[in-house]
Amino acid sequence: MKKLEKITIVGGGTAGFVCALILKARFPNKEISVVCSKKIGIIGVGEGSTEHWNEFMKYIGVSFQQVIQECDATFKSGIMFKGWAENDYLHSIGQESQFLHGQYPINYGHLISNKAKNREFNSSFTWNNKVATKFLNDDIENPPFNQYHFNTNKLNDFLTTLAMVKNIEVFYDEILDISLNDDGEIDQLICSKNNHQADFFIDCTGFNRLLMNKLGAKWQSYSKYLKMKSAIVFPIGDTEEYNMWTTAQAMDYGWMFKIPVWGRSGNGYIFDSDYITPEQAKLEVEKFIGHEIDIGKHITFDPGALDKVWIKNCCAVGLSASFVEPLEATSIGTSIQQTFLLMHRLPNYDNNTIDKYNKDVNDILINIRDFVLLHYITKKQNTIFWHDISKIELPDTLKNNLDRWNKNLPIFDDFSDITNYRLFNSTNYLQIMAPLGLFDVEKIKEEYNMFGDYYKNKSKETLYNLKIEELKTPKIGHKEFITRIRQKVGK
């Protein structure tokens, strides 16, 4: 039986503090500490979360009002894809997905069979940047949306302060070496100020992977399938309204994101450096938006994941474990899901536990890889990049599913062989496949029409009532809502 009295997280970015806060909530009587360097900055490429952030907040006892106030946060309903398909589309999971017949998403069956416009797949709130005024009430605990945009630096400050409040020790130190014991486990961190011993270590050192490299972990590249490998990031000033989504704008050699937070937006161009240089990417952005930009960072990366994220008495979480382009804001979500899974596996762990965890995390990451790749199965052909990327051979895990889903809508059970801590499910895939034209509509219509009139009429009634309820609900603009929350919390 492995001793587990002291856990040390190495690295003080978002992943490190998210991990520390979850583990402290799960193991309140254990000694949890973070060792981090003041010399190493945070990557800060993306500033968006997935819906898993809401579960994280609930678990550690943080309100959405706090996050809005302290992190300059705005709400995120999903991701708006512009220029990827014939029409813009929004990936946003709402009440439309909740009426099922067995596992069959009958509302979507109705919409796809009737060739509904993309806007009909989501609430009008999300497309119109509106928030229901009822969420301004002081006794409201649940937010109107489960996803957020953050100011990355303020988010890091907030999580750091929160960790200290919850009695998580934070040591600012520089790692000089990593000492292993006779069993090949990490014994202690040799640092410039003090040495740090623990029973279990978590590597959140980002692309450096200081601990996992010492233990012999190998990087598995996804570059055969995911071609983006470079990014330039830059800020833009405030706007009159905040979109309630991350914008993913298709460009000539990749895509550009825009993430609205309080007072500014975070932006970046994720591109394939086989086709253009950072300087050319900058010029393309400036031509598109109509003014010059100041590049904050230029980042290069090899998309992929470690072959094993848990070795001996150490586990990698966050960028140490994996990285793909931030097309679906997977980085923070993966850190949360990985840590939730880890907290169940840590007590009395053995080699079987480690093997099971590694398999589950690998499945989580393949699920992410395939979902990101799905977005590139587009008819867009305006540049050699888009022509070339459309010819990529798909991995069997994605190809086999698409062959089946082309004529039968995906259901939850199609993912039953993957841990429930996966990020993407049937509805996520459905919302990307439909606007990209990846369904055989006549086959989907045939499948849908096999239902009796009772359920088909019930689906139509459900969708109609949702629209009526939206019309009746008092609502205000997104920026006005954020302003009022900040004013109330700031009093």
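Two worked exercises on this predicted model follow, one on a helix and one on salt bridges.

Local features need pLDDT of at least 70 and side-chain atom pairs count only at pLDDT 80 or more, while totals for chains, interfaces and linings use all residues. Residues are numbered from 1 along each chain as its sequence is written, and side-chain values use heavy atoms, without hydrogens and water.

**Exercise 1.** Determine how far helix 13 (residues 426–433) is enclosed.

Solution.
1. Set the terms. Buried means under 20% relative accessible area, exposed over 50%, partly exposed in between (1.4 Å probe, protein chains only). Helices (H or I, at least four residues) and strands (E, at least two) are DSSP runs, numbered from the N terminus.
2. Check the residues. Ser426, Thr427, Asn428, Tyr429, Leu430, Gln431, Ile432 and Met433 are buried.
3. Conclude. Eight of the eight residues are buried, so helix 13 is largely enclosed by the rest of the structure.
4. Find the cover. Among the covering elements are strand 4 (79–82), helix 4 (106–113) and helix 10 (351–374). Contact means heavy atoms within 4.5 Å.

**Exercise 2.** Locate the partners of the salt bridge between Asp238 and Lys479, and state their exposure.

Solution.
1. Apply the criterion: a side-chain nitrogen of Lys or Arg within 4 Å of a carboxyl oxygen of Asp or Glu. Asp238 and Lys479 meet at 3.2 Å, N to O.
2. Place them. Asp238 lies in the loop between strand 14 (230–237) and strand 15 (246–250), and Lys479 in helix 16 (residues 478–490), so the pair ties together parts 241 residues apart in sequence.
3. Grade exposure. Asp238 is partly exposed at 42%; Lys479 is buried at 18%.
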